[in-house]
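Biologist: Please take a close look at one part of this model for me, and explain the terms as you go. I'm a first-year, so plain words are welcome.

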Amino acid sequence: MVSLSDYLILSSIIFCIGLVGIFINRTNIITLLMCVELILAAVNTNFIAFSHFLGNEAGQIFVFFILTVAAAEVAIGLAILTLLFRVRGSINVDVTNSLKG
Amino acid sequence: MSSEQIIFYILSFWFIASSLAMIFARNAAKAVLFLVLGFFSAASLWILLEAEFLAITLILVYVGAVMVLFLFVIKMLNIDKSTLRAKFAGYLPLGLIVALIIIAEMTLVLGGAQFGLEVMPSPAKHGADYSNITVLAMQLYTTYVYPFELAAVLLLIAIIAAITLVHKNEINRKKQSISEQVNVKAKDRVRVVSIASPSKENK
């Protein structure tokens, strides 16, 4: 039988892969968005594993809302990305430094 | 090793392998395809956890809509590949160190002593008459009906925001042009019309 700790360790590994992806893909906004999706998938797996092992459906409801918010985030993020490309001609993060932050 | 364990390890292997391939892919379109493979493995794992509705939703919404949106944007934008990997080597060691420390800590905390089968036994499998969708719907339309409606409003706002951001042709948009307003001359706005006076017409 697969135990709860197997699922939790799997999702922590996926979470860390997403984190490394954000570290090494710092200049590419599209891959950054995809790494965020990966991290959210890891979190969702955590929620569903706990929901299954505790016999409580509230975890699955949470995953439902996380999916909704992530879809909205991707839609707006890609719209901003398209606009940025139209204005700057590049989606490199290093180009978007007009605020000098 | 039971069959469930074998399936779990196969799916986990593909999930981890496709995620690694995704973050190291040089081509953004290939990265999207690897992420699709990862999402399929995740959905299969969720089916193993008896969350059938969410697994199907992940495939339909994520693979069917969001990943296709990613592909559209990648194909629409002409991305310069040489600039994307400029700082690749510089941040890889730091990222690997951070990730390995996190994985080690998580494994210590979430290991078999805390969440193993002895502490948290696997629940009994549901029968054929059990419907995951019915159970979710009962929760969603009673306890969580207000957050459900808020999620709908959130999606509407996302649609309007995305369309407003990328809308190119400014049809019917009320917009101020300051330079035109400053440079306006009197003859642009005032038209002098000579009208025959009524007293002359009477003569």
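Modeller: Let's start with salt bridges (a Lys or Arg side-chain nitrogen within 4 Å of an Asp or Glu carboxyl oxygen): the count over all chains comes to one. It pairs K125(B) with E4(B), and their closest N and O atoms are 3.8 Å apart. The two partners come from distant parts of the chain, 121 residues apart: E4(B) belongs to helix α1 of chain B, while K125(B) is in the loop between α6 (112-115) and α7 (132-140) of that chain. Helices here are DSSP runs of H or I with at least four residues, numbered from the N terminus.

Keep in mind that this is a predicted model, where local features need pLDDT of at least 70 and side-chain atom pairs need 80 or more, though totals for chains, interfaces and linings use all residues. Residues count from 1 along each chain as written, chains are lettered from A and ligands numbered from 1 in written order, and side-chain values use heavy atoms, without hydrogens or water.

Stay with chain B for a moment. Its domain assignment (automatic or from a database) gives domain 1 (1-80), domain 2 (95-124) and domain 3 (129-166). Taken over C-alpha atoms, the centres of domain 1 and domain 2 of chain B are 23 Å apart.

Domains 1 and 3 of chain B turn up again at the largest pocket, each giving at least three residues to its lining. The volume of the largest pocket is about 310 Å³. Its lining has 16 residues, and those closest to the centre are A75(A), L69(B), A158(B), I159(B) and A162(B). Which helices supply at least two lining residues each? They are α3 (58-88) of chain A, plus α3 (52-76) and α8 (145-166) of chain B. As for chemistry, the lining of the largest pocket has 15 nonpolar residues, one polar and no charged.

Then there are the cavities: three of 30 Å³ or more are counted. The second largest cavity holds about 40 Å³ of space. Its lining includes E37(A), N44(A), L67(A), F39(B) and Y62(B). Here α2 (29-54) and α3 of chain A, along with α3 of chain B, each supply at least two residues. The biggest contributor is α2(A), with four residues. By type, this lining splits into eight nonpolar residues, one polar and one charged.

Now the small print: on a 1 Å grid over the protein atoms alone, a 1.4 Å probe fits in a cavity but can't get out, a pocket is open with protein on both sides within 12 Å along at least five of seven lines, and lining residues have an atom within 4 Å of a point. Volume is the space filled by probe spheres on the points, which join across faces, edges and corners. Nonpolar means Ala, Val, Leu, Ile, Met, Phe, Trp, Tyr, Cys or Pro, charged means Asp, Glu, Lys or Arg, and the others are polar.
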